[in-house]
Amino acid sequence: MKIRLKVLYSALLAGSLVLGAAGCSQKDASDVNSTSPAQGDKASGLPAPGDFSKKLDLKLSGSFTRGKIEDGNWVQKKLEEKYNIKINNVKVDTFNKDQVQLMVASGDLPDTFAFTAQSLSALEFYENGLTRTVSKEMLKKYAPRYSKMLDENVPGWDMNLAPGKKDEYLTLVGYQGHTKNLIWAPTFRLDWLEKLGIKPPGDIKPIGTSGGLERIYFSDKAYTLEQTEEILKAFTQKDPDGNGKNDTYGMLPFNNAFTSWGSTLLGAYGVASGYNLEENGKLTAAEISDKYKEFLKMMARWNKEGLIDPEWTTIDVNKSWEKYKLGKAGYYPAQPAYVGMDAWTKGRAPANIVEKDPAVKLLVTAPEIGPNGQQGEGAFTPVNRLGDAFYISKKVTDEQLTRILQIFDYINFDDDSRWTLYGEVGTQSTWQGTPEKSEIKVKPEYPENEGNMGFWAYNFRSYDDKRASYQTSEATTKLKSDFFGKPDVLKKMEIRPFKWDLMNQTKYADLNKQYKGQLDTIVNEFRLKAIAGQIDIDKEWDKYVQNYLNSGGKEILAELEKAPKVADLLNKK
């Protein structure tokens, strides 16, 4: 083990140098907010929940550690007092791959961490002696809210189990409640549609009454792909901006983030990028399926007919926001939060042009309907709403773990811990609309993250419905409740993989890590060349598929064959 760990450290360090350096209420019997000592666990020698009589030192970090934390910050002092601890802050940017790799290579990890710039898998962290497991018994006892979340999200207790151990977990997971809705939707320039005499697919209504929201309309109906194509032609060929020039385009994709701009268009063929499906009785990857091929041929045709801005191959998503604001494209993908104008989306297309031009109107619709009546997009998570990873360092003792779990359970799953994210509402932050029904925004005189206040400094990326609402405007909340987050809509339109190794029962994760880089390159290069018309899709398709399979795809698919069907996982009791 020591030899393997030294090799791992050396490899990570070399790589870094090359790169350039919803739960229980407060009244529950297991209430972790109580500060009065309770009877300890005599068998284990561990304190009972709520017994914080012994002061402990903890080195804490979370999902939002950016290296800007100040010692003695406001949140730190309150947590230290509440739990009788001394917090040692982590002053590393865990979004920075180089810094994370150096930290992992040194072996000097925080007691808790959830690196955004991930370097190792959960199993690799554990097998190299960097992290410890957490037992189900301890979770039930010291993290009752977290345990309740796993109870409610089958098969939560079967995820992240340590190999060869019973009811021991490699990591803790978060609930991604902010994704409990369709993520992407097509938007059209409604003012252009009106000028061209093109009717919406159904009844429309504004999603708000002021601030630009009164000019953004929504319909729960959808255009077919054929209708969308005719609209793009009109946007391109019929001078919708009325300047007498041939300078508008149907749509403006970008050369990265394909799952953003292509999500609903590909979904109209019943396919979700990055997932797998059963086709012709066989398991296949989305990107080598016949349905994906038909999608590429459609996009290539649109490009050849001039319906797509020709600069799309040279701009990324950020530059596309800037270009869309110039008002020369009529179709653009958007998240509900973008058109709901949530504070964190400011400057993003398509709402940015509404802010710029008071004459602009937008129409948001349901995802396009495909050739066989299919409609939807890839689900944000492949099976349930659980995701991400929160690690406990190997050096953490059981006694420290009891305190860590209670802090984790409180700051991530108790509504009363909102102050760890936004301070006291009314003092350090304000509601952006109706109290308890709108976004919370930190006042400009305070840092939004870390700094001398410590907001978000120790939290994990987990959002129950209530916590997700703190980042969601009233307009976006209404869009979700009216359509994008309705259970019947999600059941019909969320596209999930056919099979998935949720419980790490196969070698899929290892193979995916080994081959993902080269497979992504093969897929991305072929997609760009295919849509741009640089290759003949029909002539090159078999060669592309074989290249994909020979470059690790065949091994990955063979391993996924051993995994359970997603439908069975979702129906597991």
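Here is a short walk through two sheets, the nonpolar cores, one loop residue and a pocket.

Hi everyone, and thanks for coming. Please keep in mind that this is a predicted model.

Let's begin with the six-stranded sheet. The strands line up in the order S8-S9-S14-S7-S13-S10, in an open sheet with mixed pairing. Which strands stand at the edges? They are S8, residues 205-206, and S10, residues 249-251; each has a single partner strand, so one side of each has no neighbour in the sheet.

Now look at S7, residues 185-189. Is this strand buried or exposed? Five of its five residues are buried, so S7 is largely enclosed by the rest of the structure. As a reminder, in a regular strand the side chains alternate between the two faces of the sheet. In S7, Ala-185, Thr-187 and Arg-189 are on one side, Pro-186 and Phe-188 are on the other, and both faces are covered.

S7 has strand partners to talk about, too. With S13, residues 329-334, it pairs antiparallel over four bridges, and there Thr-187 has Tyr-332 as its bridge partner. With S14, residues 362-364, S7 also runs antiparallel, joined by three bridges; here Arg-189 stands opposite Leu-362. The parallel part of the story comes from S9, residues 216-218, which three bridges join to S14. If you want a spot to find on screen, Phe-218 stands opposite Val-364 of S14.

Two helices are worth pointing out here. Helix H8, residues 225-237, lies across S7, S10 and S13 and runs at about 145° to S10. Helix H12, residues 317-324, packs on the sheet as well, touching S7, S13 and S14, with its direction at about 140° to that of S13.

On to the other sheet. Three strands, in the order S3-S16-S6, make an open antiparallel sheet. S3 (112-113) and S6 (172-175) are the edge strands, each with a single partner, so one side of each is left without a neighbour in the sheet. Helix H6, residues 144-152, packs on this sheet and touches S6 and S16, its direction making about 70° with that of S6. S3 pairs with S16, residues 386-392, over two bridges, and Phe-113 has Tyr-391 as its bridge partner in S16.

Next, the nonpolar cores. Which residues touch the most other members of the largest core? Among its 152 residues, they are Tyr-146, Phe-295 and Met-299. Helix H20, residues 508-531, gives the most to this core, with nine residues. Leaving aside residues up to four places away in sequence, Tyr-146 touches Leu-139, Thr-171, Leu-172, Val-173, Phe-408, Asp-409 and Phe-413. There is also a second, separate core of 17 residues, including Val-92, Val-100, Met-103 and Ala-122.

Phe-295 turns up again when we visit Tyr-269, since the residues Tyr-269 touches include Phe-295, Leu-225, Met-298 and Pro-371. Tyr-269 sits in the loop between helix H10 (263-267) and S11. Why does it count as buried? Its relative accessible area is 12%, and buried means under 20%.

Last stop, the second largest pocket. It holds about 460 Å³ of space. Its lining has 17 residues, with Leu-490, Lys-491, Glu-494, Arg-496 and Leu-570 nearest the centre. The elements giving two or more residues to that lining are strand S11 (276-279), helix H19 (487-493) and helix H22 (566-570).

That's my tour, and I'm happy to take questions!

Key. Residues numbered from 1 in each chain as written. Predicted model: local features only at pLDDT ≥ 70, side-chain atom pairs only at ≥ 80, totals over all residues. Heavy atoms only, no water. Pairing = 2+ DSSP bridges. Contact = heavy atoms within 4.5 Å. Axes fitted to C-alpha atoms, helices over the stretch in contact; angles between N-to-C directions. Core = buried A, V, L, I, M, F, W, Y, C linked by side-chain atoms within 4.5 Å. Buried < 20%, exposed > 50% of the residue type's maximum accessible area, 1.4 Å probe, protein only. 1 Å grid on protein atoms, 1.4 Å probe; cavity = no way out; pocket = protein on both sides within 12 Å on 5 of 7 lines; lining within 4 Å. Points joined across faces, edges and corners; volume = space filled by probe spheres on them.
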